[in-house]
Amino acid sequence: METTRTTPTRGYSATKDQLTKRLRRIEGQVRGVQSMVEEERYCIDVLTQISAVQAALDKVALGLLDEHANHCVMGAEGDAKAEKTDELMGAVARLMRRG
């Protein structure tokens, strides 16, 4: 008997390429911060770049939350909807505790 596995569609599947590009850009920013530290650049300049990286990651996270809410939570039925809502709120709580 042959079984086929299908990958579940995620909320971000439609924007996966855009999301991947954005994360690669952020990765480059982080490498830039690392270079700044290695070059012993001025503290405030390094902190400014770290703040920019955090803002970029926050934007990605908010986009993922939005896609999860619209695709995974709104698309769920019955008890699964409550479970997905709890899961979403847990993710929001973890993001807010950062820092």
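Author: Helices are DSSP runs of H or I with at least four residues, numbered from the N terminus, and the expected span of a helix is 1.5 Å times one less than its number of residues. This is a predicted model, where local features need pLDDT of at least 70 and side-chain atom pairs count only at pLDDT 80 or more, while totals for chains, interfaces and linings use all residues. Residues are numbered from 1 along each chain as its sequence is written, and side-chain values use heavy atoms, leaving out hydrogens and water.

Reader: How far apart are the end C-alpha atoms of helix 2?

Author: Helix 2 has 31 residues, so at 1.5 Å a residue it should span 45 Å. The model agrees with that, its end C-alpha atoms being 42 Å apart.

Reader: Which element gives the largest share of the largest nonpolar core?

Author: A nonpolar core is a set of buried Ala, Val, Leu, Ile, Met, Phe, Trp, Tyr and Cys residues joined through side-chain atoms within 4.5 Å; buried means under 20% relative accessible area (1.4 Å probe, protein chains only). The largest one here has seven residues: L19, I26, V33, M36, V46, V53 and V60. Helix 1 and helix 2 each give two or more residues to this core. The largest share, four residues, comes from helix 1.

Reader: Is E40 buried or exposed?

Author: E40 sits in the loop between helix 1 and helix 2, and its phi is near 55 degrees, a positive value in a residue other than glycine. Exposed means over 50% relative accessible area. With a relative accessible area of 71%, E40 is exposed.
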